Amino acid sequence: MSRFDQYFLMKEKDVFEYVQAKVKFFDKNAKPLCKEIGDGNLNYVFRITDQVSGKSVVVKQAGETLRISDEMKLNVDRGKIEAQILGIQGQFCPGLVPKVYLYDEVMCAIIMEDMIGHEMMRTGLLKHHTYPKFAEQISTFLVNSLLLTSDIVLNHQDKKELVKTFINPELCEITEDLVFSEPYLDYNNRNIIFEPNRNFIEKEIYGDKKLHLEAAKLKFEFMNNAQSLVHGDLHTGSVFINKEHTFVFDPEFAFYGPMGYDIGNIIANLFFAWCNGDATSTSAQEKEEFCGWCLRTIKEIVDKFIEKYNVVYDLCVKDPMAKTEGFKEYYLSQILSNTAGTTGLELTRRIVGLAKVKDITSIEDPEKRVRAEQICLKVAKDCMINRDSFLCGDDYLKALLKAIKEK
Ligand code: SR1
Ligand code: MG
């Protein structure tokens, strides 16, 4: 019997004993230091470091209520999907996700590799750090994790088994509400609007029925297109990074959905980083370097995705009908359209909905925040309404330039 045979929410003081009981990670003479480092909306994340050997490990535990709101409750076993998908992504994208040492179904905790020497990408972006290898590495992650789990490549029965395993109704419902519905209808009364932008949002978002129709179409595509095993929440808080290397983590929203959902999330969050650089850079040089990097990276991610998609498709496609002339191009055009639509949805929900991003909320000057939010919403509408014409990286930069001009 151990005190970890029954679920309880751990505190910093419990975690070293827990790790030793489960995986004996540290030496006998270890001097542990434990810190809760989570800054997400859902879970608790502890880092324990042995001050003697320098070895460290991370423990992520699900609580019964969410950090973002005590009123929101979820099953505590949500980490199980995360541990499973990290295993699959580790096979298809070696080195780009952290290693899982254990998933504990009782304590609902994952013990995993500490991504030493990396920092949360959003934290780095808020300091206007740039990451020259990100576009290359994230595009590899996207193509491999998405294409290699799709019907294009996998045996269709095996793929259907994966669809079953990764049914994730509770977390998908959060996304269906927070991303696809509430920013347009606010039926749960929990949208948070920056007051100086209320009139703009009432007219441009709540009042635009054409936009609602596009959001509705994208919502039902999200729910019904079991295309690939998607990460499901691929924003810059789900990436740990340094100048050389990228880790993608936190895939607890994973399920079988449209590929564009992951690609569009990354693009939107780089637009948020651009907005922060535009509003808060302390010199013209800093703005040029940082904002220039954000734009180049958006463009490169889309273009590299297309390039690598074509290579992997030709190498790995198994389905005989998917080899039909013209199908590769058709399939890509669907992915790119959904990518643009998702970019717009993510841009909108972080400005209008409940869950915000620091890139925008930390802009202290109200006029600059108004500008940043309005640019995001203008780009968002363009991306959603005209999504079939976003065919390459440059199209996103054009949308931004157009939104800036309209301001
Ligand atoms: C209630 S959870 C709010 C948001 O945090 C997660 O990271 C997802 O993005 C979710 O939409
Ligand atoms: Mg998360």
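Let me begin with Ile 351, a residue of helix H12, which counts as buried because its relative accessibility is 1%, under the 20% that sets the limit for that class. What we have here is a predicted model, so every value I quote is computed from predicted coordinates. As for where Ile 351 stands with respect to a residue distant in sequence, its C-alpha atom and that of Ile 68 are separated by 16 Å, while the two residues are 283 apart along the chain.

Helix H12 also brings us to the largest pocket, since H12 is one of the elements that give two or more residues to the lining of that pocket. The space in the largest pocket comes to about 880 Å³. Of the 42 residues that line this pocket, those closest to its centre are Asp 39, Gly 40, Asn 41, His 235 and Gly 237. Besides H12, the elements that each contribute two or more lining residues are strand E2 (43–50), strand E3, helix H3 (121–126), helix H6 (169–178) and helix H13 (358–361). If we sort the lining of the pocket by class, we find 20 nonpolar residues, 10 polar ones and 12 charged ones.

Now to the enclosed space. How many cavities of 30 Å³ or more does the structure hold? The structure holds 1 such cavity, and the space in the largest cavity is about 40 Å³. The residues lining the largest cavity are Asn 43, Lys 60, Gln 61, Ala 62, Arg 78, Gly 79, Glu 82, Cys 108, Ile 110 and Glu 252, and by class they divide into 4 charged, 3 polar and 3 nonpolar. Two elements, strand E3 (56–62) and helix H2 (79–92), each supply at least two residues of this lining, and the largest share, 3 residues, is that of E3.

I would like to take those two elements in turn. Within strand E3 we find Ser 56, which counts as buried because its relative accessible area is 10%, and whose side chain is joined to that of Asp 114 by a polar contact of 2.6 Å. Helix H2, for its part, has 14 residues and reaches 20 Å from its first C-alpha to its last, which is close to the 20 Å expected at 1.5 Å a residue. Which residues of H2 are buried? They are Gly 79, Ile 81, Glu 82, Ala 83, Ile 85, Leu 86, Ile 88 and Gln 89, and among these Gly 79 and Glu 82 also belong to the lining of the largest cavity.

Another residue of that lining, Cys 108, deserves a word on its backbone. As a general matter, most residues other than glycine have a negative phi. Cys 108, however, has a positive phi, near 55°, and its place is in the loop between strand E6 (100–104) and strand E7 (109–113). Cys 108 counts as buried because its relative accessibility is 6%. Asp 250 likewise has a positive phi, near 65°, and is found in the loop between strand E11 and strand E12 (255–257); at 14% relative accessibility, Asp 250 is therefore counted as buried.

That leaves the strand pairings. Strand E1 (residues 32–36) pairs with E2 in the antiparallel sense over 5 bridges, Cys 34 standing opposite Ile 48 in E2, and the two strands form a hairpin with 6 residues between them. A second hairpin is formed by E4 and E5, with 2 residues between them; strand E4 (residues 65–66) and strand E5 (residues 69–73) run antiparallel and are joined by 2 bridges, and Leu 66 has Ser 69 of E5 as its bridge partner.

Finally, there is an open sheet of 3 strands, with antiparallel pairing, in the order E8-E10-E11. Which strands lie at its edges? The edge strands are E8 (119–120) and E11 (246–248), each of which pairs on one side only. Between E8 and strand E10 (residues 239–241) the antiparallel pairing runs over 2 bridges, and the bridge partner of Met 120 in E10 is Phe 240.

Key: Residues numbered from 1 in each chain as written. Chains lettered and ligands numbered in written order. Predicted model: local features only at pLDDT ≥ 70, side-chain atom pairs only at ≥ 80, totals over all residues. Heavy atoms only, no water. 1 Å grid on protein atoms, 1.4 Å probe; cavity = no way out; pocket = protein on both sides within 12 Å on 5 of 7 lines; lining within 4 Å. Points joined across faces, edges and corners; volume = space filled by probe spheres on them. Helix = DSSP H or I, 4+ residues; strand = E, 2+ residues; numbered from the N terminus. Nonpolar A, V, L, I, M, F, W, Y, C, P; charged D, E, K, R; others polar. Expected span 1.5 Å × (residues − 1). Buried < 20%, exposed > 50% of the residue type's maximum accessible area, 1.4 Å probe, protein only. Pairing = 2+ DSSP bridges. Polar contact = N/O pair within 3.5 Å; in protein donor to acceptor, adjacent residues only side chain to side chain.
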